[in-house]
Amino acid sequence: MTIHGLLLLLAPPAVGVIVGYACGGRLAGLRNLRLAALWLLWLAAAVQAAQYYVTPLRHPALLAIVFSLVLWWLALNLPAWPRAIRIAGIAIIVGALANGLTIALNGRMPYEPATAEAVGLRPGLTTPKNEPADDATRLAFLGDTIPVPPLQKVVSPGDLLIGAGTVALTALAMRRRRDQPDPAPQPAEGGDT
């Protein structure tokens, strides 16, 4: 993984923390959000990393495992989350499904060669995860078509949904407070003494 790829991966949670602080949240608020089965996310990250560094694992089918693990984690956690945070989680799911469907139909994530060239990438290159879009590409509009020049990357609409959902989920979770018991009822004013 390149430094630009790592920055793209870390940017959404980092922006979420900045937005969370700007909205009065604190990192301690993240502890108040129920997060079950974190091992699924760690396993997804390990599989993702292995694809970059272990040559026999450089197969697009392993992306299905990564998507499945993350979706499984979200399915376990979404029901216990407050509505606003669930909506952020659903944005992540929709983005992952858009990416997954595009990859499933094409074998790899297609990218727009002209857009890749515009951000300084070599057009026409096929990698374990990406291939240039052509006339036979299905759902090309859901492929990597959005340039991110500062990072020399091209991302998909699904990536944007995943990123926006991650920002929102992080910021909203930072604003969570521990549930406090209801205060004891106060006697009505002017009542009997």
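**Exercise 1. The surroundings of Ile-103**

In which helix does Ile-103 lie? Establish also whether Ile-103 is buried or exposed, and which residues distant in sequence it contacts.

*Solution.* The structure is a predicted model.

Step 1. Ile-103 belongs to helix H4, which spans residues 83-106.

Step 2. The relative accessible area of Ile-103 is 10%. Buried means under 20%, so Ile-103 is buried.

Step 3. With neighbours within four places in sequence left aside, Ile-103 is in contact with Leu-63, Phe-67, Arg-108 and Met-109.

Step 4. A C-alpha to C-alpha distance of 8.8 Å separates Ile-103 from Ala-64, and the two residues are 39 apart in sequence.

**Exercise 2. Packing of H3 against H4**

Determine the packing angle of H3 and H4, the relative direction of the two helices and the residues through which they meet.

*Solution.* Two packed helices are described by the angle between their axes and the distance between the axes.

Step 1. For H3 and H4 the angle is about 160 degrees, and the axes are 11 Å apart.

Step 2. Angles over 145 degrees count as roughly antiparallel; H3 is therefore roughly antiparallel to H4.

Step 3. The crossing in which H3 passes H4 is left-handed.

Step 4. On the H3 side the contact is formed by Leu-63, Phe-67, Leu-71 and Leu-74, which meet Gly-89, Ile-92, Ile-93, Ala-96, Leu-97, Asn-99, Gly-100 and Ile-103 in H4.

Step 5. By class, the residues of this contact are nine nonpolar, three polar and no charged.

**Exercise 3. Packing of H4 against H6**

Find the angle and axis distance for H4 and H6, then describe their contact by residue and by class.

*Solution.* Step 1. H4 and H6 pack at about 160 degrees, with 7 Å between their axes.

Step 2. This angle makes H4 roughly antiparallel to H6, and H4 passes H6 in a left-handed crossing.

Step 3. H4 contributes Ala-84, Ile-85, Ala-88, Gly-89, Ala-91, Ile-92, Val-94, Gly-95, Ala-96, Ala-98 and Asn-99 to the contact. Their partners in H6 are Gly-158, Asp-159, Leu-161, Ile-162, Gly-165, Thr-166, Ala-168, Leu-169, Leu-172 and Ala-173.

Step 4. The division by class is 14 nonpolar, six polar and one charged.

Step 5. Asn-99, located in helix H4, has a relative accessible area of 3% and is therefore buried. Not counting residues up to four places away in sequence, Asn-99 touches Phe-67, Met-109, Leu-142, Ser-156, Gly-158, Asp-159 and Ile-162.

**Exercise 4. Packing of H1 against H6**

At what angle do H1 and H6 pack, and what is the handedness of their crossing?

*Solution.* Step 1. Helix H1 (residues 3-22) packs on helix H6 (residues 157-174) at an angle of about 40 degrees, the axes lying 7 Å apart.

Step 2. The crossing of H1 and H6 is right-handed.

Step 3. Pro-12, Pro-13, Val-15, Gly-16, Val-17, Val-19, Gly-20 and Tyr-21 of H1 meet Gly-163, Thr-166, Val-167, Thr-170, Ala-171 and Met-174 of H6.

Step 4. Nine nonpolar, five polar and no charged residues make up the contact of H1 with H6.

**Exercise 5. The largest nonpolar core**

How many residues has the largest nonpolar core, and which element gives the largest share?

*Solution.* Step 1. The largest nonpolar core has 17 residues, and those with the most contacts inside it are Leu-33, Trp-73, Leu-74, Trp-81, Ile-85 and Leu-169.

Step 2. Two or more residues come from each of helix H2 (38-53), helix H3 (61-77), H4 and H6. The largest share, five residues, comes from H3.

Step 3. Beyond four places in sequence, Ile-85 is in contact with Leu-33, Leu-169, Leu-172, Ala-173 and Arg-176.

**Exercise 6. Asn-77 and two backbone cases**

Is Asn-77 buried or exposed? Locate also the loops that hold Ala-37 and Leu-139.

*Solution.* Step 1. Asn-77 lies in helix H3. Its relative accessibility is 0%, so Asn-77 counts as buried.

Step 2. Residues up to four places away not being counted, Asn-77 touches Arg-34, Leu-35 and Ala-36.

Step 3. Ala-37 is in the loop between H1 and H2 and has a positive phi of about 55 degrees although it is not a glycine.

Step 4. Leu-139 sits in the loop between strand S2 (130-132) and strand S3 (146-148). The phi of Leu-139 is likewise positive, near 55 degrees. With a relative accessible area of 26%, Leu-139 is partly exposed.

How values were computed. Residues are numbered from 1 along each chain as its sequence is written. This is a predicted model: local features need pLDDT of at least 70, side-chain atom pairs count only at pLDDT 80 or more; totals for chains, interfaces and linings use all residues. Side-chain values use heavy atoms; hydrogens and water are left out. Axes are lines fitted to C-alpha atoms, for helices over the stretch in contact, and angles run from 0 to 180 degrees between N-to-C directions. Helices (H or I, at least four residues) and strands (E, at least two) are DSSP runs, numbered from the N terminus. A crossing is left-handed if the near helix is turned anticlockwise from the far one by less than a right angle, and right-handed if clockwise. Contact means heavy atoms within 4.5 Å. Ala, Val, Leu, Ile, Met, Phe, Trp, Tyr, Cys and Pro count as nonpolar, Asp, Glu, Lys and Arg as charged, and the others, Gly among them, as polar. Buried means under 20% relative accessible area, exposed over 50%, partly exposed in between (1.4 Å probe, protein chains only). A nonpolar core is a set of buried Ala, Val, Leu, Ile, Met, Phe, Trp, Tyr and Cys residues joined through side-chain atoms within 4.5 Å. Angles under 35 degrees count as roughly parallel, over 145 as roughly antiparallel, 65 to 115 as roughly perpendicular and the rest as oblique.
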